[in-house]
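Colleague: I'd like a close look at a single part of this protein, and then how that part sits in the rest. Here is what I have open.

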Amino acid sequence: MKTVKQVARLTGVSVRTLHHYDSIGLLRPACVTGAGYRMYGQKELARLHHILFLRELEFPLSEIRRILDDPSFDKQKVLLEHKKLLTLKRDRLNRLIELAGSVAKGEDNMNFGAFDTTEIEKAKKQYGAEAKERWGGSAAYAESEQKTKNYTKEDWRRIKQESDGIFREFAQQMGKGPAHPDVRQTVKKWRHHITMNYYNCTEEILAGLGEMYAADERFQKNIDAHAEGLAQFMSAAIKEYCKK
């Protein structure tokens, strides 16, 4: 059995993220000691392994939980697919290492193929498509797929401009506190943006997104690119907005 800190050191997943996974029912510890320490066994580590792989395929946490809890989930198949994807990544790294060595020796090597990620992206899309075909049946996912399938480059450019503008608005309001009326209006605008461009963003979905902004390191990194600490602020603002 391992403590949450030991699991964090072993896997590279932060303690805060593991706590969040517990709070949303994605990865429960095997037990909690009388002193309040979360303890994880081999079963929990195996589930975390699957979680991290599905994150590589860019599934949201809510979908990952549903997939892993599905009795028909084929763990062996996922492991084999993970192995193939890692092999493709390893082969690409080997090509880059060889290219770097030849350039360091002064060789005029114009081999751009070493930078190619086509096969890796193809494999990710293939595995992602297979999993989504089998498990991606949530109403929000289906609505988003339907709504976005015909978007043009101009549509995506407009959507990005809108979202960047809302991020800037949140950043400008960070000094006001997450419960400020102006901040609530910006949360409302963000919710409307998601609903108009992707899927009906219910209050329940919005609350889940707010939790992910602070707990998921990739969300946090992308949002904090607009302003340091913005992900935490948005998470707190959404939590205030969703209070009854």
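Which residues does Asp22 touch, not counting residues up to four places away in sequence?

Modeller: Bear in mind that this is a predicted model. Leaving out residues up to four places away in sequence, Asp22 touches Leu27, Arg28, Pro29 and Arg38. Asp22 belongs to helix H2, and its relative accessibility is 10%. The cut-off for buried is under 20%, so Asp22 counts as buried.

Now for the surroundings. Leu18 touches Leu27 as well, along with Val4, Val7, Ala8, Val13, Tyr40 and Leu48, again setting aside residues up to four places away in sequence. Leu27 is thus a contact of Asp22 and of Leu18.

Leu18 also leads into the interior. The largest nonpolar core has 41 residues, and Leu18, Phe170 and Trp190 are those with the most contacts inside it. The elements that each give two or more residues to this core are helices H1 (4-11), H2 (15-23), H3 (42-56), H4 (61-69), H8, H9 (181-197), H10 (203-215) and H12 (230-241). H12 provides the largest share, 7 residues.

Let me follow two of those names. First, Val13, one of the contacts of Leu18. Val13 is in the loop between H1 and H2, and it is buried, at a relative accessible area of 8%. Besides Leu18, Val13 touches Ala8, Leu48 and Leu52, not counting residues up to four places away in sequence. Val13 and Glu217 are 204 residues apart in sequence, yet their C-alpha atoms are 9.0 Å apart in space.

Both Val13 and Glu217 help line the second largest pocket, which has a volume of about 280 Å³. The rest of its lining is Thr11, Gly12, Thr17, Tyr21, Leu52, Arg55, Glu56, Ala215, Asp216 and Arg218. H2, H3 and helix H11 (217-224) each supply at least two residues of that lining, and H3 gives the largest share, 3 residues. By class, the lining has 4 nonpolar, 3 polar and 5 charged residues.

The second name is Trp190, from the list of residues with the most contacts inside the core. Trp190 is touched by Ser163, which also touches His193, residues up to four places away in sequence not being counted. Ser163 is in helix H8 (residues 153-172) and is buried too, with a relative accessible area of 11%.

H4, another of the helices giving residues to the core, is worth a look down its axis. In H4, Leu61, Glu63, Ile64, Ile67 and Leu68 are buried. Seen that way, the buried residues of H4 fall within an arc of 155°, so they line one face of the helix. As for the spacing, an α-helix has 3.6 residues a turn, so residues three or four places apart point the same way.

Stepping back, the protein has 12 helices and 3 strands. Of its 244 residues, 36% count as buried, with Asp22, Val13 and Ser163 among them. Taking contacts between residues at least 6 apart in sequence, 60% join residues at least 24 apart.

Definitions and conventions
Residues numbered from 1 in each chain as written. Predicted model: local features only at pLDDT ≥ 70, side-chain atom pairs only at ≥ 80, totals over all residues. Heavy atoms only, no water. Helix = DSSP H or I, 4+ residues; strand = E, 2+ residues; numbered from the N terminus. Buried < 20%, exposed > 50% of the residue type's maximum accessible area, 1.4 Å probe, protein only. Contact = heavy atoms within 4.5 Å. Core = buried A, V, L, I, M, F, W, Y, C linked by side-chain atoms within 4.5 Å. Arc of directions from axis to C-beta. 1 Å grid on protein atoms, 1.4 Å probe; cavity = no way out; pocket = protein on both sides within 12 Å on 5 of 7 lines; lining within 4 Å. Points joined across faces, edges and corners; volume = space filled by probe spheres on them. Nonpolar A, V, L, I, M, F, W, Y, C, P; charged D, E, K, R; others polar.
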